[in-house]
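Thanks for coming, everyone. Please look at the structure on the screen, and I will walk you through a few parts.

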Amino acid sequence: MDILRHAAGFTPLPNSINRLLDLAYNLWWTWHPEAQDLYRNIDPELWEEVYHNPVRFLREVRQVKLDEISQDSDYIQTFHKVLGNFESYMIYDNKWYAKKFPNQKHKPIAYFSAEFGLHECLPIYSGGLGVLSGDHTKGASDLGIPLVGVGFLYPQGYFRQVIPLHGTQESIYQKVRFSEVPALPVYDGDGKEVVVSVQLPGRMVHAKVWDINVGNMTIYLMDTDINPNAEGDRELSARLYGGDKKMRLAQEMVLGIGGIRALRQIGIEPAVYHMNEGHSAFLVLERVREYVKKGLTFDEATKKVKSTSVFTTHTPVPAGHDAFSFDMMEKFFVGYWDELDLSKDEFLGLARQDKDWGPEFSMTVLAMRLSGKQNGVSKLHGEVSRKMWQWLWPKKSVADVPITHVTNGVHTESWLAPELKEVFDGAMGKDWVLHPDDREMWDSIDDVPDETLWEVRNILRAKTIDFVRQRTRNRWHRYGSNPHQLQLIDNLLDKDTLTIGFARRFATYKRATMLFTDVERLKRIMGHADRPIQFIFSGKAHPRDEPGKALIREVYHRSFEPGLEGKLIFVEDYDINVGRYLVSGVDVWLNTPIRPQEASGTSGQKAGLNGIPNLSISDGWWPECYNGKNGWVIGTDEEPDAHRDAHYLYTLLEEEVAPLFYTCNDKGIPEGWLQIMRESIKTVGSQFSMARMLREYVHNLYMPLLIE
Ligand SMILES: *Cc1c(COP(=O)(O)O)cnc(C)c1O
């Protein structure tokens, strides 16, 4: 890699540790805490200041710190060990896919997504969809699946959330300097920067292509904030889900059409194209256009595209699907349909969906029609999707609609607390993370002594509460609180109390405030003399989602209400970092969506893996996992009703959750609770890992298209 040629301004590294720079530019470090420690240990304060970004760290670190550490023999020894691990990780031919499918290993699978959630220092994700894409890439690298990611590098990313004193979320957009994140410009064979162009009404828009290395995988990201573009077009990739419908359409054209052009310029010929949600669906049009240009008819071209495309839908709510008016589509695609050998009406008809207010061009319809494999992201969501899209297959019954499901999973090493990983290493051997989907292996968790598991749980809870206090202190500090007020924060939350976490996007269907349906009852439950309960909330609402913001405001104001104050807190600026603390540091993970609007939900999988049982409505992935011993189901499968669901929730807390947590043996250990923890670890760890998910994608979706 030629980092120094493209990215100047680093503090000179002593020779003995100069490979810290290579390491920084491969996101392998994001799931290897020991690699992060190589930077942290040089200057822990700076590491926090740069928000765990090793590229910024190496720019800003002081020379003396580097010189000092390069003399530390323990450090150097660790450095070589980590580097050795990295190098053996990078040997591609040792990976599962390379061994299992030696004839397929050179056929790339292009994976298109509007967001990639890889790490908190790279704010190009908004929530679950992005974190899934990031985990998908990391997992593909682990297994050796020849994936190539395509997405956007947003210079302002997704917003950072600030909760002012009045409690209404404000959005802060910070400019990300690309020289300060682990991304590098891509050059073509002639040494020129790769720039692609897409026709928009009356002008061309250009996008520069960057790459990010994730283990053995590469993600190509487009950036429209470059010189020949008009002012408005430079903003095109500025923000994830910012702007109006026109901007959104232009963004999706750059993602789908520009993305294909980028791959071509770089010289990549994927064998399969995977659209993660409909945002990238224009890629099928661009591929049809390419074939028509080569002399195929539209029908022949479509057949080819279909037989090599996979589409994953993520939205069980009809209004959540991306669609554009015919009027706009005509303006943006005038001329393009000629190149597809279609008339305007035929073109619009490709993705037509009739709504109450008229016909629309639906990205989901386009993707469904022009892909050979389609899937939802949980068993329940598969069923919902077959019903929702049955009209696209009018001759088929709902059950025969060809939308299957692959239930989401999470990247084990990215989400498992290092303290617990050590315990798991002890029980299952060091290599267990290479095959977390081996179910029998997890039985060894039963051999971990109660004392050990309970001790780690207590350490992680304390660590998370310290983090929450620090965040809260920083926030109060910003508003000029006096020392006395700041000191009160030392008593915020209690380190031995049953702690329940709720962190997710504040979309209304997730019903974050259902907990407050009967506040007096809630206060009695939380204030129980022997069995108290406390809550940690976190989450962002979309900047234009006023009802979502109102939910945040309510949680925030509740946190000052007598009976709740000090025992319930809203943590500002939910992101991957906050997420990591919460999904490893609370005792119970709460989820209260309106069934069946949660397509999958993955935060509960992260928690479950860390031995944090789920307390959830029977929605998304949870009905597939729940076995009566690894957590709780709130209510039944009846029609959702917030009052009734809240009642079920209170009763569970009073009669099952709290008593189990506080019933200890004579060593002070809640044996019943540890049983639930173990059961949660075993079921979630084995069945909801990214490794399991990816092997299903390979066997059920990618491979049938690859070997056709
Ligand atoms: C895992 C994760 C999500 C998704 O959580 P859900 O359970 O789907 O709501 C959202 N945001 C972040 C930062 C995450 O890490």
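Let me start with a question: which residue in β18 is the bridge partner of F537? It is F570. Hold on to that pair while I cover the ground rules.

This is a predicted model, so local features need pLDDT of at least 70 and side-chain atom pairs count only at pLDDT 80 or more, while totals for chains, interfaces and linings use all residues. Residues are numbered from 1 along each chain as its sequence is written, and side-chain values use heavy atoms, with hydrogens and water left out. Helices (H or I, at least four residues) and strands (E, at least two) are DSSP runs, numbered from the N terminus.

Now, the sheet. It is open, and it has six strands. The order is β18-β17-β16-β19-β20-β21, with parallel pairing. Two strands pair if DSSP finds at least two bridges between them. At the edges sit β18, residues 568-571, and β21, residues 631-634. Each of those pairs on one side only. On average, neighbouring strands here are turned by 20 degrees against each other, direction ignored.

Next, strand β17, residues 533-538. Its pairing with β18 is parallel and covers four bridges. With β16 it also runs parallel, and there six bridges join the two. One partnership there is T499 with Q534 of β17.

How many of the six residues of β17 are buried? Six of six. Buried means under 20% relative accessible area, exposed means over 50%, and partly exposed is in between (1.4 Å probe, protein chains only). I533, F535 and F537 point one way from β17. Q534, I536 and S538 point the other way.

What packs on this sheet? Helix α21, residues 450-478, lies across β16, β17 and β18. It runs at about 65 degrees to β18. Helix α28, residues 642-662, packs on the sheet too, touching β16, β17, β19, β20 and β21. Its direction makes about 165 degrees with that of β21. For these angles, axes are lines fitted to C-alpha atoms, for helices over the stretch in contact, and values run from 0 to 180 degrees between N-to-C directions.

Stay with the sheet for one residue. S616 is in strand β20. S616 counts as buried, at 3% relative accessibility. Its contacts (heavy atoms within 4.5 Å) are N591, W622, W632, V633 and I634, leaving aside neighbours within four places in sequence.

On to salt bridges. By that I mean a side-chain nitrogen of Lys or Arg within 4 Å of a carboxyl oxygen of Asp or Glu. A search of the whole structure finds 51 of them.

Take E120 and R580, whose side chains meet at 2.8 Å, N to O. This pair links distant parts of the chain, 460 residues apart. E120 is in the loop between β1 and α9, and R580 is in helix α25. E120 is buried, at 5% relative accessible area. R580 is partly exposed, at 24%.

Here is another: E561 with K523, at 2.9 Å, N to O. These two are 38 residues apart, with E561 in the loop between α24 and β18, and K523 in helix α23. K523 is buried, with a relative accessible area of 17%. Both belong to a network of salt bridges linking E520, K523, E554, R558 and E561.

One more pair, R234 and D225, meets at 3.1 Å, N to O. R234 is partly exposed at 24%, and D225 is partly exposed at 22%.

Now back to the neighbourhood of E120. Is H52 buried or exposed? Buried, with a relative accessible area of 7%. H52 is found in the loop between α4 and α5. Not counting residues up to four places away in sequence, H52 touches W29, W47, H119, E120, C121, N577 and R580. So E120 and R580, partners in a salt bridge, are both among the residues that H52 touches. 

H52 also has a side-chain polar contact with the side chain of E48, at 3.1 Å. A polar contact is a pair of N or O atoms within 3.5 Å; within protein, one must be able to donate a hydrogen and the other to accept it, and residues adjacent in sequence count only if both atoms are side-chain atoms.

Last stop, helix α9, residues 128-143. It has 16 residues and reaches 22 Å from its first C-alpha to its last, close to the 22 Å expected at 1.5 Å a residue. That expected span is 1.5 Å times one less than the number of residues. Of its 16 residues, 14 are buried. Just after α9, G144 takes a positive phi of about 80 degrees.
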